[in-house]
Amino acid sequence: MSHSRDSNIGPIDKNTRTIRFKITENVSKMGIDEIILDRGILQFNSGNETICIVIVGKSKSSIQKLCKEVRIKLKYLKQMTGDSQLIDQGISDIENQIVSYRDEIFLCQDRLDPNIEDQPNDEFKSNFLNDVKKLRSQFQEASDPYKEWQSKVAEKYEILEKIFKSHYPEAWIFMEFCLTVKSILNVMDFTLPFMGVIVAPPSSMKTMVIQLFRKYVHVFYTDGFTPSSLISHNAALNEEQLQKVDMLPKMKGKLVLTPELALFFTGKEEDLQKTMGIITRVLDGHGLENDSGAHGHRKYGDTMFVWLGAAVEIPFRVWKLLGTLGHKIYFIRPNLQKKTVWDLKRIAKNNNFSSTNKEIEEKLLDYLKVFDAAPEIEGRTRLENNVIKIRWNEEEEGEQDKALEYIAQLANLLAPLRGDVYVSQSKFTKHKSNYSNENNESNNEQNGNYYQQPHQVEGQDYDTDFPVIEDASRAVILLRNLAIGHAISQGRNSLTIQDVPIAVKVALSTAPVRRVRLLDLLLKSETGELTTSQICNELSISQPVVTRTMREFEALRIGEISTVSDYSNSELKIRLNSEYDWFRTKEFLDLKEDFVPYDQKSNKNYECDTQSVDDNDFENDSVQNSIDKADTIETVEPCDNNNNYCHTFKDISSPQAQQKHDGDLDDGLSKSRDSKEKSEKFLPVKEDKTENLCCNPIKSCGIFNIQNTKKITVPLSGSEPFEHVTRSHAEDEDEEEYQTQYPVSPIITDSDGIKYTALQEILKIIQLSDGSIIAVNYAIGSVCKNNEIVRNYLGDKLTSRENRIVRDLVSNIIRHPNIKIIKNKPQLLVKWFESNNESLTNPQKGETV
C-alpha cells in the first residue's frame with residue numbers, strides 16, 4: 001500500500017516535539033485509535049489507555065531496530081483484535097510511516113532542547129511516567145482532588161518510614177533528609193538550589209540510601225565531575241555537540257545524585273578551590289557563564305536543581321574555603337549508635353540484603369509515584385516540564401509563624417557559628433612572677449632569681465583577628481526551604497513545629513564539630529558557664545584546642561571569656577552571650593532532640609558492647625589505673641580559696657615528700673587484701689574540711705593540662721605528692737563524674753511496674769555473674785534479649801545518653817548496696833559485692849569505703 005506524506009502522517013509540532021501518525025483503516029481495525037511520538041516515546045493508545053510503549057533511539061541507524069520492536073510488541077499484544085493477516089497489514093502501515101518519515105522522527109530527537117530535556121532513558125522510566133499519569137487521572141476524579149492527594153502522600157510516607165525503620169532504624173535520618181531535599185525541587189517559585197551532603201562513618205548506609213533514588217525519573221546521576229564539565233569548551237566539538245555534553249543543562253529541574261564526594265573534598269588544593277568556586281556560583285541559581293579561546297562566550301541562564309551527596313568527613317580546608325567563598329553547602333552528620341555484638345551477629349546471619357533493599361526501593365518508588373501524581377489545580381499545583389510544583393501557603397499563620405521564628409533564631413546562630421576567624425598562638429601570654437615581691441626576696445635569691453623572670457606557658461592562649469561572619473539572610477532562606485521541603489514531602493503545604501527539628505540538625509551539622517560540641521556543653525550547663533578543664537574532660541580533647549575554640553567563640557561574639565581567678569595562670573571560663581539565651585531553653589532543647597553531630601575523630605559517644613569481663617583481664621595492669629589515667633601538671637599555682645571553682649593544685653613533690661609517700665604506700669596497705677591488691681592500693685585521701693566545693697554542673701574541674709610539662713600518674717583518690725588546697729580534687733572528680741553521666745534518679749519501687757521488673761532482671765544478671773566484672777549495658781542487653789516485654793518497654797536505644805528510662809535504671813543500679821563500680825569509661829563495669837554490713841558500702845556509688 002502506497003502512502004503520501006501529507007495524508008499518512010500528522011503535523012510535526014516543533015514546540016512540543018510530538019508527531020502524530022495517521023490511523024489507517026487497517027490500524028483502526030487492530031483497535032488502535034492514536035499513535036503519537038512524544039519526547040522519544042512512541043505510544044499506541046486505545047481509548048484512554050496506553051496499550052504499548054516503544055522507546056525511540058537517537059540514531060538514524062536504529063530505524064530497523066525500531067520497526068522490528070514495534071512489530072514484535074504489537075503482534076503479541078493480547079489487546080490486538082482481528083486475525084493475524086489483518087494485524088500484519090496494520091503493522092505494515094505503521095512501519096511504512098516510520099520509514100517514510102525517518103528524518104523527521106530523528107530530527108525531533110536530535111534537536112531536543114538540552115535545557116528542558118526530560119525524556120526517559122529506559123522503559124522503566126517510561127512506565128513510571130505512565131503510572132503517574134494514571135494516578136493523576138484518578139485523583140482528578142475525586143470529590144476533593146487536592147485533599148485526596150495529600151492524604152495518599154501522607155499514607156505512603158508512613159508506609160515507607162515504617163518499612164525502612166524495621167530494617168535500618170538508625171539510617172532513617174538519611175532517608176528523611178533525602179526526601180526533604182528532593183521535595184525542595186517541588187515547591188512552586190523556589191529558584192534557589194540546595195546542596196545537601198550526608199556526612200557519616202564508612203559503611204553507614206549513606207551511599208545505599210542515595211542509590212535508592214537512582215531509578216527516579218527526575219534524577220541526574222554522576223559519580224564524578226570536573227569544573228569544565230559543567231560548561232564544556234572542547235575545541236573538537238561544535239556548539240550543537242557541546243550542548244549535548246554540558247552537565248549544567250542536564251541538572252536543570254533535576255535531583256542530582258553524587259553518592260561519593262570524597263574525591264571532590266580531598267583533591268589537590270588548586271583543584272578544590274576551582275571546583276568549590278564554580279559550585280558556589282552555580283548554587284546561586286543564576287546559571288553560569290564562561291569564556292575560552294576555542295568557543296568564546298558560552299552561558300546557561302537560571303538553573304534550579306537540588307543536589308544530594310555523601311562523604312565520610314569534611315576536611316578543615318573545606319571549612320576555610322566555604323568561609324571565604326560563602327556557605328552554600330549544607331550537611332547532616334548524625335551521631336549514629338555503635339552496633340553491638342548482637343547487631344553484628346544478626347547482620348552476619350542475614351543473607352537477604354538484596355531483597356530488603358528491593359522491598360525498600362519498591363516502597364520508595366510507590367511514594368514517589370503518588371507524590372508526582374498531584375492533580376493540577378489552579379493556584380495550588382502545576383506541572384513544569386513534567387515536574388510537579390506545589391504552592392507553599394505563605395498566608396498560613398499560627399504554628400507556621402512560630403516555626404519561622406525558630407528558624408530565624410537558628411539562622412542567627414548559624415551565621416557566627418560557622419564564621420571564619422584567624423586564630424594564632426600567642427607568643428607571650430601567661431607568665432609566673434608571683435614571687436617577685438619584697439616578702440619573697442630571700443626565696444628568690446635562694447632559687448637563683450628563677451621566679452623574677454617571666455616564664456612562658458606555651459599553648460595556653462591565642463590571638464584572634466577580625467572575623468568574617470556571613471549575613472544570615474541566605475541561611476534563613478535555605479533553612480526555611482529545607483523545613484518547607486520536609487512539610488511538602490509529607491503532603492502538607494504549610495509549616496508546623498515538627499518541620500523544625502530537621503533544620504536544627506542540619507544547622508548544627510553545618511559548622512565545625514568542635515564548635516558545635518562546645519555549644520552543646522554550654523546549652524546543657526546549669527550555670528551557663530564552663531571552664532577550660534571542664535571542656536577538656538568532657539570532650540576528651542587537649543587544652544590548647546579547647547582554648548583555641550573558646551577564643552573563636554569570643555571573636556565570633558558567640559561567648560564571653562573571663563578567668564576563674566586573679567592568679568596569673570588561672571584557667572579560663574566561657575559563658576554564652578545573652579543574645580543566644582533562647583537556645584538554653586527547654587523549647588529549643590526539645591527541638592534539638594539531643595542531637596549531637598558525629599565526630600570522625602572521637603568515639604566518646606559510642607558505648608561498647610562486650611560480654612562479662614573476668615578479673616584476670618587486669619593481671620598486667622592495675623584496676624585503679626584502668627579506672628582513670630589522668631593527665632596532670634608538674635608546676636601550677638595554688639587554688640583560689642575565695643572562689644567556688646577549685647581549679648589548681650599546689651605541687652610540693654620534694655624528694656622528702658616522695659620518700660614519705662613511698663613509705664606510706666607500703667604501710668597503708670590493708671591486711672585483708674591479697675598480694676595483688678596490695679601492689680595496686682593507693683593512699684586514702686586527706687579530706688579538706690573547707691566548704692569550697694567544686695560546683696561544676698558538667699564535670700569536675702579535673703586537672704589543668706599544660707603543654708611541655710612532665711606528666712605523672714595521679715591515683716583516682718589522690719596522692720601524697722599533692723597538697724590539696726581545697727577539698728580533694730580526685731574525690732570531687734570521681735563523685736561529679738558519676739553524678740554527671742548517671743544523674744541521681746528517683747528510687748524505683750515495685751509500684752513502678754515494668755520499670756521495677758526490668759531493674760530486678762538486670763540486677764539478677766549481674767548477680768549471676770558470680771563475682772565477675774560485667775558491663776552494665778551487656779546486662780541490659782541480655783535482659784532485652786530474653787524478655788520481650790522489657791525489650792518492648794525499653795525500645796531500640798539502650799544507652800543512658802539516648803534513653804531516659806535506661807538512665808534511671810543505671811542510676812538505681814550503681815546506688816544498689818551490693819554493686820561495686822570497677823570502671824566508668826568507656827563503659828560502665830560493675831561487680832556484685834556480697835555484704836551484710838551497710839556501713840561497708842557507699843549506697844550512692846556502690847563503692848567500698
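1. Y367 and F371 are both buried (under 20% relative accessible area, where over 50% is exposed and in between is partly exposed, with a 1.4 Å probe and protein chains only). The model is predicted, so local features need pLDDT of at least 70 and side-chain atom pairs count only at pLDDT 80 or more, while totals for chains, interfaces and linings use all residues. Residues are numbered from 1 along each chain as its sequence is written, and side-chain values use heavy atoms, leaving out hydrogens and water.

2. Y367 and F371 also form an aromatic pair, tilted, at 6.1 Å centre to centre and with 40 degrees between the planes. Rings of Phe, Tyr and Trp (its six-membered ring) pair if their centres lie within 6.5 Å; planes under 30 degrees apart are stacked, over 60 edge-to-face, and the rest tilted. Because they are four residues apart in helix 17 (residues 353-372), about one helical turn separates Y367 and F371. Helices (H or I, at least four residues) and strands (E, at least two) are DSSP runs numbered from the N terminus.

3. The structure holds 22 aromatic pairs. One aromatic cluster is formed by Y146, W149, Y157, F164, Y168, W172, F353, Y367 and F371.

4. Two charges over rings deserve a look. The charged end of K182 sits over the ring of F371, 3.7 Å from its centre. R214 lies over the face of Y221, at 3.6 Å from the ring centre. The criterion is NZ of Lys or CZ of Arg within 6 Å of the ring centre and within 35 degrees of the ring normal.

5. Strands 17, 19 and 18 form, in that order, an open sheet with antiparallel pairing (strands pair if DSSP finds at least two bridges between them). Strand 17 (529-531) and strand 18 (559-563) are the edge strands, each pairing on one side only. From one strand to the next the twist averages 25 degrees. Five bridges join strand 18 and strand 19 (residues 572-576) in the antiparallel sense, and I561 stands opposite I574 in strand 19.

6. Helix 22 (residues 513-524) packs on this sheet, touching strand 17 and strand 19, and its direction makes about 75 degrees with that of strand 19. Contact means heavy atoms within 4.5 Å; axes are lines fitted to C-alpha atoms, for helices over the stretch in contact, and angles run from 0 to 180 degrees between N-to-C directions.

7. Another open sheet of three strands has the order 22-24-23, paired antiparallel. Strand 22 (774-775) and strand 23 (819-823) each have a single partner strand, so one side of each lacks a neighbour in the sheet. A775 stands opposite L829 in strand 24.
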